[in-house]
Amino acid sequence: MKIGVLALTTSGRQLAERIATRLPDCRVIRIEQGIAATLRENWREFDGFVTIMAAGITIRAIAPLLQDKTSDPAVVGLDEKGTHVISLLSGHLGGGNSLAHAVAAITGGSAVITTASDTL
């Protein structure tokens with residue numbers, strides 16, 4: 001799974017680097033034109049994204065890009081401390097739930113999974 005990690009702040013970028021060094025086939029994506037433009041440019045290049053920022057920022061940025069649960073990449077969002085790692089998109093089919101667990105193992109946080117089939 002090819003993963004891109006994006007962060008807005010200095011401490012978020014430090015956590016992004018830590019995550020990228022521990023996950024296979026993962027790299028930090030520089031945000032140069034804003035989060036929405038960066039995600040748009042990279043949307044089909046990655047199987048999943050980890051965003052270290054407010055969930056609302058991520059949701060607004062990905063909303064215009066969404067097509068189908070069978071083709072959209074996984075998206076996991078987390079706070080700058082890595083405490084809450086939320087599978088936001090393509091949790092079951094796209095591997096977002098597994099990605100959330102993997103990131104939480106790195107940060108020492110908790111994966112937040114809301115997919116019914118995975119929580120029952």
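Two strands are said to pair if DSSP finds at least two bridges between them. With that rule in mind, one may turn to the present structure, which is a predicted model. Three bridges join strand β1, residues 3-7, to strand β2, and the two strands run parallel. One bridge can be located exactly: I3 has C26 in β2 as its bridge partner.

The pair β1 and β2 belongs to a wider arrangement. Six strands form an open sheet in the order β2-β1-β3-β4-β5-β6, and the pairing within this sheet is mixed. Strands β2 and β6, the latter covering residues 110-112, are the edge strands, since each of them pairs on one side only. On average, neighbouring strands of the sheet are turned by 20° against each other, with direction ignored.

The sheet may now be placed within the chain. The secondary structure of the protein chain consists of five helices and six strands. Read from the N terminus, these elements follow the pattern β-α-β-α-β-α-β-β-α-β-α.

How does the overall extent of the chain compare with that of a compact globule? A compact globule of 120 residues would have a radius of gyration near 14 Å; the protein chain has 13 Å, and therefore agrees with this expectation. Along the principal axes, the C-alpha atoms fill a box of roughly 40 × 30 × 25 Å. Of the 120 residues, 44% count as buried. The surface that the protein chain exposes amounts to about 6300 Å², of which carbon and sulfur atoms supply 51%. Contacts also link distant parts of the sequence: among those between residues at least 6 apart, 55% join residues at least 24 apart.

Two of the helices show how helices are placed against the sheet. Helix α2, residues 35-42, lies across β1, β2 and β3 and runs at about 170° to β1. Which residues of α2 are buried? They are I35, A37, T38, L39 and N42. The cover over these buried residues of α2 includes β1, β2, β3 and also α3, residues 55-62. A general property of helices helps in reading such a list. An α-helix has 3.6 residues a turn, so residues three or four places apart point the same way.

Helix α4, residues 96-107, lies across β1, β3, β4, β5 and β6, and runs at about 165° to β5. T107 is found in this helix. Is T107 buried or exposed? Its relative accessible area is 13%, and because buried means under 20%, T107 counts as buried. Residues up to four places away in sequence being left aside, T107 touches L15, R18, I19, L78, G82 and V85.

A residue in the sheet offers a further example. T51 is found in strand β3, residues 48-52. Its relative accessibility is 1%, so T51 counts as buried. When neighbours within four places in sequence are set aside, T51 is in contact with L6, T58, V76, G77 and L78. With one of these residues, T58, there is also a polar contact: the side chains of T51 and T58 are joined at 2.8 Å.

Helix α1 provides a contrasting case. Q14 lies in this helix, and Q14 is exposed because its relative accessible area is 55%, where exposed means over 50%. Q14 also shows how the fold relates positions that are separated along the chain. Q14 and E80 are 66 residues apart in sequence, and their C-alpha atoms are 9.2 Å apart in space.

Finally, two loop residues deserve attention for their backbone angles. D25 is found in the loop between α1, residues 10-22, and β2, residues 26-28. Although D25 is not a glycine, it has a positive phi of about 50°. S90 is found in the loop between β5, residues 84-89, and α4. The phi of S90 is near 55°, again a positive value in a residue other than glycine. Are these two residues buried or exposed? D25 counts as exposed because its relative accessibility is 52%, whereas S90, at 10% relative accessibility, counts as buried.

Technical notes. Residues are numbered from 1 along each chain as its sequence is written. This is a predicted model: local features need pLDDT of at least 70, side-chain atom pairs count only at pLDDT 80 or more; totals for chains, interfaces and linings use all residues. Side-chain values use heavy atoms; hydrogens and water are left out. Helices (H or I, at least four residues) and strands (E, at least two) are DSSP runs, numbered from the N terminus. Buried means under 20% relative accessible area, exposed over 50%, partly exposed in between (1.4 Å probe, protein chains only). A polar contact is a pair of N or O atoms within 3.5 Å; within protein, one must be able to donate a hydrogen and the other to accept it, and residues adjacent in sequence count only if both atoms are side-chain atoms. Contact means heavy atoms within 4.5 Å. Axes are lines fitted to C-alpha atoms, for helices over the stretch in contact, and angles run from 0 to 180 degrees between N-to-C directions. The radius of gyration is taken over C-alpha atoms; the globule rule is 2.2 Å times the number of residues to the power 0.38. Accessible areas come from the Shrake-Rupley method with a 1.4 Å probe; for residues, only the protein chains shown count as cover.
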